[in-house]
Amino acid sequence: MVVPWFVLLVLPFVYFYSEPAAVLTLEIFSAFLALLLLSEFRKFPVRLPHYGVGITVTLTVWLLLLFRSTVESIDFSTSWPVLIKVMALLLLFWIITRISHASEFSCQLFHAATWAGILHGLIAIQEFIEAPPIPATWVDPAMKELVRTRCAGIFTDPNVFGAFLGALFIIVSAALLEARSGKDKILAASGLLLIGLAELTTLSRSSWITLAISFSGLLFFYFRQDRKKLKCPLLYALVAILCITALAGPFRHRIFSISRSKDMTIAQRSLINQGIAKNIASLPLTGTGLHTFNQVYPRFRLVGGDYPMMAHNELIQTMIEAGPLAAAMLLMVFLLIFRQTFNRVNTPVSRAGALVLLGMFIHNQGGFSSRILPTAAIIAAAAAMAIGQENPAAPKLRGILQKVFAAAIACVAFISIGPGVFSFRINQMIIDAGEKLKAGNPQEALKLYSLIESADPKNAIASAKKADILAASGNLELARASMARAISCNPTEALLWVKMARLSPNETAEEYYGRAIALDPAGELFRLEFARYLLKHGKKQQALDQLNAALATSPGFHEVYRHYQAIEALKAEISGKPDFR
């Protein structure tokens with residue numbers, strides 16, 4: 001039973017080393033195990049109880065909707081690799097539904113979660129002691145003196161790290177409640193303490209709230225079905241220690257900041273939702289394509305400053321990228337899984353899976369851990385654990401149904417391997433080309449970007465990077481042609497129009513700046529650059545108009561979003577200059 005170790009321990013570290021490598025590892029791992037399980041179909045045919053039918057149909061419809069949104073994506077080269085990754089996650093889900101009922105799985109799950117918790121706990125505590133500097137956007141300026149650091153561990157974001165630790169905390173709590181030997185209790189308690197302390201070091205309010213709800217739910221499940229195991233003083237002592245620690249130092253201030261409506265990070269996420277709500281009618285019913293939120297959102301964001309890559313709400317982001325029906329299907333899958341788990345007698349594994357899934361669902365109403373590979377794999381695993389309980393009385397798939405099901409699984413597995421390897425190769429070439437540029441070998445990088453264009457003709461990134469290299473070498477005509485190709489691949493990306501403006505003569509540059517600003521009206525950097533261009537050509541009033549427009553959509557917090565300080569300085573500088581038009 002290597003699956004729990006792979007999901008909880010191996011995959012996060014591969015992701016830390018390289019995201020493309022982690023995606024490929026998941027795709028190959030899931031495809032290999034799925035094909036291995038298919039080879040045992042005759043010996044262990046699939047059972048499909050009544051709740052499995054609803055979940056299977058809903059997931060199938062959801063996948064088809066994702067496929068359609070990918071085909072019609074505004075940036076196909078960005079969307080299709082994400083679709084392959086989703087297929088690999090679905091394979092992982094199916095694999096774990098087949099094996100999670102085994103007693104060996106629960107044993108390996110609890111041990112993998114415990115050791116992962118110990119390791120990540122030690123990493124977080126060391127990071128908290130060292131207190132490395134953090135981005136200014138990670139904490140409200142009013143709390144800057146109170147919060148030295150926020151720990152992200154091997155992840156790139158403390159909120160995602162907090163979600164990951166929260167999942168481990170639930171699983172290890174179940175391990176402690178189920179432990180019978182003194183050795184297992186000590187190991188689980190050690191892991192739980194370190195996970196809890198690491199969770200505090202993230203200073204992630206959403207993760208703390210999520211963990212409190214899901215942990216309470218775990219105790220409730222045990223109270224309903226197995227209350228004898230709740231007689232575990234060690235668990236309550238550990239929780240008390242963590243609660244007392246949470247009321248000390250920066251943790252206390254961070255908890256109380258939840259009630260501050262003017263908190264910078266809370267305000268920014270509220271503005272994201274407001275911008276989406278005001279423009280939701282303009283979105284296509286089939287979505288804009290997987291992983292395109294960051295390209296679409298600038299059109300209707302209300303303020304500048306922050307450039308969110310995610311919507312901080314999985315249902316809203318799914319609605320934007322794949323349409324409202326896909327978001328409804330995703331919500332229905334969660335409700336079907338949790339309803340079935342709530343209405344039956346559960347194993348320790350299914351209890352832990354259901355409460356991890358609940359926690360992740362809540363967390364992703366204000367975060368984006370579902371979009372980060374290691375936590376996305378945990379979500380798939382938790383959903384499978386919640387419904388993977390074996391039911392010998394359930395009917396088996398036979399005849400044509402079994403063949404169709406097996407063929408579908410095999411098809412998804414081969415897609416994960418073939419296009420998955422191709423996607424990895426493209427991503428690796430982009431990384432290698434970037435390394436060549438850093439090393440001062442632009443011609444080698446140019447060759448790699450040309451190869452990417454040949455292999456993936458709709459890859460706007462390669463064409464845009466190629467244009468940058470050509471422009472730096474003075475070949476403006478070829479640079480403009482390459483940038484035009486990038487724009488044809490993705491005409492909704494404002495930055496490409498700005499780059500085209502930089503390459504263009506005066507008579508067309510203004511038009512391209514205008515197109516960029518139309519795609520990102522609150523883009524303060526674009527307006528600042530355009531203002532400098534206008535000022536250079538003696539158009540003072542138009543430059544001031546751009547600067548005033550940028551300041552009109554300022555989110556405040558100029559000590560964090562320092563580009564606005566440059567805008568204010570330029571405005572003050574040119575206010576007394578004559579207009580040379």
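Select L448 first: with a relative accessible area of 16%, L448 is buried, where buried means under 20% relative accessible area, exposed over 50% and partly exposed in between (1.4 Å probe, protein chains only). L448 sits in helix α18, residues 442-455; helices (H or I, at least four residues) and strands (E, at least two) are DSSP runs, numbered from the N terminus.

This is a predicted model, in which local features need pLDDT of at least 70, side-chain atom pairs count only at pLDDT 80 or more, and totals for chains, interfaces and linings use all residues. Residues are numbered from 1 along each chain as its sequence is written, and side-chain values use heavy atoms, with hydrogens and water left out.

Stay on L448 and show what surrounds it. Not counting residues up to four places away in sequence, L448 touches M429, D432, A433 and K436, contact being heavy atoms within 4.5 Å. Add K466 to the selection: L448 and K466 are 18 residues apart in sequence, and their C-alpha atoms are 9.2 Å apart in space.

**α6 and α15**

Next, select residues 158-178 (α6) together with α15; the two helices pack at an angle of about 160°, with their axes 10 Å apart. That angle makes α6 roughly antiparallel to α15. Axes here are lines fitted to C-alpha atoms, for helices over the stretch in contact, and angles run from 0 to 180 degrees between N-to-C directions. Angles under 35 degrees count as roughly parallel, over 145 as roughly antiparallel, 65 to 115 as roughly perpendicular and the rest as oblique.

The crossing of α6 and α15 is right-handed. A crossing is called left-handed if the near helix is turned anticlockwise from the far one by less than a right angle, and right-handed if clockwise.

To see the contact, show side chains on both helices. From α6 come N159, A163, F164, A167, I170, I171, A174 and E178, and they meet P348, R351, A352, L355, V356, M360 and H363 of α15. By class, the contact of α6 with α15 has eleven nonpolar, two polar and two charged residues. In this scheme Ala, Val, Leu, Ile, Met, Phe, Trp, Tyr, Cys and Pro count as nonpolar, Asp, Glu, Lys and Arg as charged, and the others, Gly among them, as polar.

While in α15 (residues 348-363), pick out S350. S350 counts as buried because its relative accessibility is 0%. The S350 side chain reaches the backbone nitrogen of T347 at 2.9 Å.

**α23, α24 and Y564**

Move to residues 524-536 (α23) and 540-552 (α24), whose axes come within 8 Å and cross at roughly 170°. The two helices are therefore roughly antiparallel to each other. On the α23 side, show E524, R527, L528, F530, A531, L534 and L535; on the α24 side, show K540, Q542, A543, Q546, L547, A549 and A550, as these residues make the contact. They divide into nine nonpolar, two polar and three charged.

Keep E524 displayed and add Y564: the pair are 40 residues apart along the chain, and their C-alpha atoms are separated by 7.4 Å. Y564 belongs to helix α25, residues 563-574, and at 0% relative accessibility it counts as buried. Neighbours within four places in sequence left aside, Y564 is in contact with ten residues' worth of selections, among them G304, G305, A522, E524, A550 and L551.The other contacts of Y564 to display are T553, S554, P555 and H558.

**Loops and T286**

Go to T286 in the loop between α11 (264-279) and α12 (293-296). Is T286 buried or exposed? At 18% relative accessibility, T286 counts as buried. Its contacts, leaving aside neighbours within four places in sequence, are R68, S69, E72, E321, A322 and G323. The side chains of T286 and E72 make a polar contact at 2.9 Å. A polar contact is a pair of N or O atoms within 3.5 Å; within protein, one must be able to donate a hydrogen and the other to accept it, and residues adjacent in sequence count only if both atoms are side-chain atoms.

Two more loop residues are worth selecting for their backbone. Most residues other than glycine have a negative phi. A131, in the loop between α5 (103-130) and α6, has a positive phi of about 50° although it is not a glycine. L203 also has a positive phi of about 50° without being a glycine; L203 lies between α7 (182-201) and α8 (205-225).
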